[in-house]
Amino acid sequence: MKKFACRDIGMECNFVAQDNDERKLMEKIAKHARDAHGIQKIDSALEAKVRAAIKEA
Ligand SMILES: [Zn+2]
């Protein structure tokens, strides 16, 4: 299981997402970024940051 916590990229946010599939996990994160943080598009710099914060759990 891959796990991502918004807090791990320095957000004051309790969102945590997990999925077996990294592509699906990125979709969940993208939706959350849009709904909760108003980030319409995850650019390559943010994506790199997110991917670095994804942990195996
Ligand atoms: Zn968040």
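## Lys41, out in a loop

Let's start with Lys41, which counts as exposed because it has 9 C-beta neighbours inside 10 Å, and 12 or fewer is the cut-off for that label. Bear in mind that we're looking at a predicted model here.

Where does Lys41 sit along the chain? You'll find Lys41 in the loop between helix α1 and helix α2, the latter covering residues 44-53. Try finding Ile29 as well: Lys41 is 12 residues away from Ile29 in sequence, and their C-alpha atoms are 11 Å apart in space.

## The sheet and the helix across it

Now for the strands. Three of them make an open sheet in the order β2-β1-β3, and the pairing is antiparallel. At the edges are β2 (16-19) and β3 (55-56), each of which pairs on one side only.

Strand β1 takes in residues 2-5 and is joined to β3 by 2 bridges, with the two strands running antiparallel. Look at Lys3 to see one such link: its bridge partner in β3 is Lys55. Helix α1, made of residues 22-37, lies across β1 and β2, and runs at about 155° to β2.

## Stepping back to the whole chain

Follow the sequence from start to end and the pattern reads β-β-α-α-β. The radius of gyration is 10 Å, close to the 10 Å that the globule rule gives for 57 residues, so the chain is as compact as a globular protein of that length.

Along the principal axes, the C-alpha atoms fill a box of roughly 25 × 20 × 20 Å. Buried residues account for 7% of the 57 in the chain. As for contacts between residues at least 6 apart in sequence, 35% of them join residues at least 24 apart.

Notes:
Residues are numbered from 1 along each chain as its sequence is written. This is a predicted model: local features need pLDDT of at least 70, side-chain atom pairs count only at pLDDT 80 or more; totals for chains, interfaces and linings use all residues. Two strands pair if DSSP finds at least two bridges between them. Helices (H or I, at least four residues) and strands (E, at least two) are DSSP runs, numbered from the N terminus. Two residues are in contact if their C-beta atoms, placed from the backbone, lie within 7 Å. Axes are lines fitted to C-alpha atoms, for helices over the stretch in contact, and angles run from 0 to 180 degrees between N-to-C directions. A residue is buried if 20 or more other C-beta atoms lie within 10 Å of its own, exposed if 12 or fewer, and partly exposed in between; C-beta atoms are placed from the backbone. The radius of gyration is taken over C-alpha atoms; the globule rule is 2.2 Å times the number of residues to the power 0.38.
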